[in-house]
Amino acid sequence: MSTTEYQVTGMSCGHCEMAVRREVGRVAGVENIEVSAADGSLVITASAPIDDASVIAAVDEAGYRAVRA
Ligand SMILES: [Cu+2]
């Protein structure tokens, strides 16, 4: 298992969190997602090291911007 943290800008409520969760959940290898609009945090637990570009693209797809924390 590996854990990766991101900072996400643009989220403001639970709907934003759900949108991020839905898109990031499609990234290969993702096992668990913790996302907080209040903190602007996204913590992903994966079965193998995940592809940053895929996570960032998924967050972008949801309408927000992620960078590695
Ligand atoms: Cu929202």
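Contact between a helix and a strand is taken here to mean heavy atoms within 4.5 Å. The model described is a predicted one, and the arrangement of its helices and strands is considered before its metal site.

Helix 2, comprising residues 52–62, lies across strand 1, strand 3 and strand 4. Relative to strand 1, helix 2 runs at about 35 degrees.

The sheet itself is open and contains 4 strands in the order 2-3-1-4, with antiparallel pairing. Strand 2 (30–36) and strand 4 (65–68) occupy the edges; each has a single partner strand, so one side of each is left without a neighbour in the sheet. From one strand to the next, the twist averages 25 degrees. Within this order, strand 1 (residues 2–9) and strand 3 (residues 41–46) run antiparallel and are joined by 6 bridges. In this pairing, Glu5 is placed opposite Val43 of strand 3. Helix 1, formed by residues 14–24, also packs on the sheet, where strand 2 and strand 3 are touched. The direction of helix 1 makes about 160 degrees with that of strand 2.

The copper ion has Cys13 and Cys16 as its protein donors, each through its SG atom. These donors lie 2.0 to 2.1 Å from the ion. The two cysteines fall into separate accessibility classes. Cys13 has a relative accessibility of 31% and therefore counts as partly exposed, the range for that class extending from 20% to 50%. Cys16 counts as buried because its relative accessibility is 7%, which is under the 20% limit.

How values were computed:
Residues are numbered from 1 along each chain as its sequence is written. This is a predicted model: local features need pLDDT of at least 70, side-chain atom pairs count only at pLDDT 80 or more; totals for chains, interfaces and linings use all residues. Side-chain values use heavy atoms; hydrogens and water are left out. Donors are N, O and S atoms within 2.8 Å of the metal (3.2 Å for Na, K and Ca); water is not among the atoms, so sites may look incomplete. Buried means under 20% relative accessible area, exposed over 50%, partly exposed in between (1.4 Å probe, protein chains only). Two strands pair if DSSP finds at least two bridges between them. Helices (H or I, at least four residues) and strands (E, at least two) are DSSP runs, numbered from the N terminus. Axes are lines fitted to C-alpha atoms, for helices over the stretch in contact, and angles run from 0 to 180 degrees between N-to-C directions.
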